[in-house]
Amino acid sequence: MEKNQHIYYLSHTDACCSFLASVKLHDFFYPSQNAKQEQQYVQDGGNGDTAENQESMEALGTGGAVITCDTRFVVKSLDLADSSREEEESPIPEQYIGMDRDEFLSAMNSYSESPSLNDLNKGFLSLDVQKFSAQEVVIQKNYESKKKCTEFYLAVENNYVVVYEADKKTKYMSTGIPLQSLSAELAKEILQFKYVGSEAELYNFLESYSS
């Protein structure tokens, strides 16, 4: 019996040594693979996914994040004319509640194409979605403020109505109003630079014909 136990012990020891030798041999020929696994383990803290990774996935919309009534809504403003910045937090607009990332990006693209009159008046240029998660949504509106103009002309660019300042060379804003949506008589006048006078008259026109 003792002899058999001794033989078993030697066999078990030989097996362990053989396994360790195999591991060392694998590490010798594939050191980068083992190093990558160790590095990934350290980065993940041994848990597979860190909180930072999860937050990043959520910000990119890969975690199925959806806007709720508790989502923080932050609007940043950047004036490219003087590099001034502002930041404001407000309740999330009701129309955005329930949207996922793709739906919200689509809504922001639509807004960029037809911004509010207030944003147009401030020299709105573009909008960027900087962060999207269930906890917080951050957008940045980019403006370029201009010296106040007192007279305006309507013209056409790419079949859409645009507004020029009194010199007929400086574009004041794009309106998003298709030329084909106007009457033939009005469209003809705009094609020849229609004078609209003051800022108040301009915005009366935009409110009448903006969808």
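So, let's begin in the loop between β5 (152-157) and β6 (160-165), because that is where we find Asn158. Keep in mind, everyone, that what we have on screen is a predicted model.

What is the phi of Asn158? The value is positive, about 55 degrees, although Asn158 is not a glycine. Why would anyone stop at that? Because most residues other than glycine have a negative phi. And is Asn158 buried or exposed? With a relative accessible area of 66%, Asn158 is exposed, because exposed means over 50%.

Now please scroll along to Phe193. This residue sits in the loop between α6 (184-191) and β8 (194-197). Phe193 is another residue other than glycine with a positive phi, near 65 degrees. How does Phe193 count in terms of accessibility? Its relative accessibility is 32%, so Phe193 counts as partly exposed, a label for values between 20% and 50%.

Let's finish with Leu127. You'll find Leu127 in strand β3, which covers residues 124-132. Leu127 has a relative accessible area of 13%, and since buried means under 20%, Leu127 is buried.

Which residues is Leu127 in contact with, once we leave aside its neighbours within four places in sequence? They are Met108, Tyr111, Ser112, Ile139, Gln140, Lys141 and Asn142. Try clicking on each of those in turn.

One last pair to look up: Leu127 and Pro115. They are twelve residues apart in sequence, and going from C-alpha to C-alpha they are 9.7 Å apart in space.

That's my tour, thanks for listening!

Notes. Residues numbered from 1 in each chain as written. Predicted model: local features only at pLDDT ≥ 70, side-chain atom pairs only at ≥ 80, totals over all residues. Heavy atoms only, no water. Helix = DSSP H or I, 4+ residues; strand = E, 2+ residues; numbered from the N terminus. Buried < 20%, exposed > 50% of the residue type's maximum accessible area, 1.4 Å probe, protein only. Contact = heavy atoms within 4.5 Å.
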